[in-house]
Amino acid sequence: MPTVHIDGKITTIQEGSTVDDVLLGRDPELCFGIIRPVTISRAETKEFLIKTTAGEVVVETVQGTNAGEILSGLSGAKSGWQDLQVASFGPFSSSFTPSRKPTRYERGDLALGSGGYDPGRSFLVFCRKTHAADHGGPLEGGIIARVISGMGVMDRLSEHDTILSVEPVISFAESSDAKTSTDGSIVLEEGMHLITHLRVQAEGMNADGYDPKTAYSVDRMLLALKDAVFTVDKRLSTHVRCDLLAGTDVPCEDCSARREGTVLMRTSGKNRGSIYIYTQDLPRSLAHTVIGHVIHGIELCRIAQEGDRIQIRVDPHQFDLVGMTLADAEAYALSRNITLTSDIRGPDRVVTSQKPVTTLEVLSGGTVEVHTIPDKQVIAITLDDAKAPMTCKIFREYTGLKYHTIGKLPMLFSFEEVTLFKAKIPKTINVIPENVPVSTVDAGVFAMTNDSCKGVGIVGVRSVPSSEFGPTSEPFSGTNIIGTVIDMDKIAGLEEGEVVFFREVSK
């Protein structure tokens, strides 16, 4: 029976099996990568995939060394010495003359070393940090390769890890026999490779815990990818880009080099907030911050086309309790081994804020504090993106619904069957007329005043219908309808100046 490779694992299949026969339950709208065996038989590469019990690392060999021969014989090699600067695997037999002098190594270098200056006890040394040391390597330093993907995996290698296998990495980007597809009826052939998803390890996730130095930018990534889908909005020769959060402010927390497999967010310009996954090495950019590293599926990025939607899995999962009931928040925190404390305990309470705010800070400290309110103070609404996409986007941005499942606005006042809320929208933001009413406005309709009136940005709802004025008491021409208030019974009990919380629900 034929065999195929599914995400790197060899699987025996029945003759004539299709993609859907082996990828049971897959989302038909998401792309997978398919690579025919003819591509593999003709390809030559300087790159090798090193699979370890801690994850996958891709390295590029240094020209003029016998790196390929050395790496190919390392399957099963166990951990040697470990410290903050290096992780080594071996021993294995080699042939060279040790230099017995310190050599400078850069982060990501793979070097040949030895125990007791005995080449018969050689080790492969992963350099986790830039340093100078004598690892018992050859006269010329012994750097045989460099890590180009999987830096985070290298950082978390421990004394308990093993190299499972080493295999050549095939470059498929220019081959017509490598493509992405959503067609589950494709018949599989002997030796085909299927790549079903990307896997990303967030910057700051290490073997010994979590480093929160990139906490805010990583949280932006986790927010953008919370639905586990990376949409290829732009594809260039050096990267693929997802624009889901384009226009969102992101702090620059780690301005490192853009290596193949590095995941970054843009921090300035019109594409700030967009996610970039690099398929080639480039120098660092002050307009990008590192947020993660691809540890599986970089081939998908090489062959992806604009418009492709790819499954992506990010470690760790976002830790955001805002909008959960207190009971659900407590259960979720327990499942993540996080100690939760609440301001008030009781039934039917909803979390409105948490401290620390970001995922990496919570996971690093192991504790979280939450503030809650009664569920009766949370008002359910629907938003109409089809008819008022720009105004709904502004509403989500300045209420916080863009970032959490609930948002908030202060109540301005209530009069003549109209309740008004004030959104602090900068003067630089234009609320252009959009989805204005024509003949009448029903009770419960939610709206925002547009730029044609002085009260731009005010949000309102009517408790009774009107054929003259909109929900913000402005003429119809100054009113952008954005949705509907579901919990109108909760509106009547609001008081002036009160902070009101909104939960967006599906229609």
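**Exercise 1. Find the bridge partner of Phe413 in β31, then place the pair in its sheet.**

*Solution.*
Step 1. Look across from Phe413: in β31, the bridge partner is Leu420. Helices (H or I, at least four residues) and strands (E, at least two) are DSSP runs, numbered from the N terminus.

Step 2. Widen the view to the strands. β30 and β31 (residues 418-422) pair in the antiparallel sense over four bridges. Two strands pair if DSSP finds at least two bridges between them.

Step 3. Now follow the ring. Seven strands close into a barrel in the order β29-β34-β32-β33-β31-β30-β35, with mixed pairing. From one strand to the next, the twist averages 40 degrees.

Before you go on, two notes on the model. It is a predicted one, in which local features need pLDDT of at least 70 and side-chain atom pairs count only at pLDDT 80 or more, while totals for chains, interfaces and linings use all residues. Residues are numbered from 1 along each chain as its sequence is written, and side-chain values use heavy atoms, with hydrogens and water left out.

**Exercise 2. Describe the surroundings of Gly407: is this residue buried or exposed?**

*Solution.*
Step 1. Locate Gly407 in strand β30 (residues 406-415).

Step 2. Check the accessibility. Gly407 is buried, because its relative accessible area is 2%; buried means under 20% relative accessible area, exposed over 50%, partly exposed in between (1.4 Å probe, protein chains only).

Step 3. List the neighbours. Leaving out residues up to four places away in sequence, Gly407 touches Thr399, Gly400, Leu401, Val500, Phe501 and Phe502. Contact here means heavy atoms within 4.5 Å.

Step 4. Add the helix. α9 (residues 389-399) lies across several strands, including β30, and runs at about 100 degrees to β30. Axes are lines fitted to C-alpha atoms, for helices over the stretch in contact, and angles run from 0 to 180 degrees between N-to-C directions.

**Exercise 3. Work out which strands flank β32 and how its residues point.**

*Solution.*
Step 1. On pairing, β32 joins β34 in the antiparallel sense over five bridges, and β33 in the antiparallel sense over three bridges.

Step 2. Pick out residue pairs. Phe446 stands opposite Gly483 in β34, and Ala447 has Gly460 in β33 as its bridge partner.

Step 3. Sort the side chains. Val445, Ala447 and Thr449 point one way from β32, Phe446 and Met448 point the other way, and all are buried.

**Exercise 4. Explain why the buried residues of helix α7 line one face.**

*Solution.*
Step 1. Identify them: Leu326, Ala329 and Ala333 are buried in α7 (residues 326-335).

Step 2. Look down the axis of α7. The buried residues fall within an arc of 55 degrees, so they line one face of the helix. The arc is that of the directions from the helix axis to the C-beta atoms.

Step 3. Turn to the other side, where Ala327, Leu334 and Ser335 are exposed.

Step 4. See what the buried residues pack against: β26 (339-342), β27 (349-355) and β28 (367-374).

**Exercise 5. Trace the largest nonpolar core and name its main contributor.**

*Solution.*
Step 1. Start from the members. The core has 35 residues, and among those touching the most other members are Leu198, Met221 and Val263. A nonpolar core is a set of buried Ala, Val, Leu, Ile, Met, Phe, Trp, Tyr and Cys residues joined through side-chain atoms within 4.5 Å.

Step 2. Name the contributor: α5 gives the largest share of this core, six residues.

Step 3. Note the other core. A second, separate one of 28 residues includes Val57, Ile70, Leu157 and Ile295.

**Exercise 6. Find what the side chain of Thr52 reaches.**

*Solution.*
Step 1. Place Thr52 in strand β4 (residues 47-52). Thr52 counts as buried because its relative accessibility is 6%.

Step 2. Follow the side chain of Thr52 to the backbone nitrogen of Ala54, at 3.0 Å. The backbone oxygen of Gly55 lies 2.8 Å from a polar atom of that side chain. A polar contact is a pair of N or O atoms within 3.5 Å; within protein, one must be able to donate a hydrogen and the other to accept it, and residues adjacent in sequence count only if both atoms are side-chain atoms.

Step 3. Finish with the contacts of Thr52 beyond four places in sequence: Val153, Leu157, Thr162, Ile163 and Leu164.
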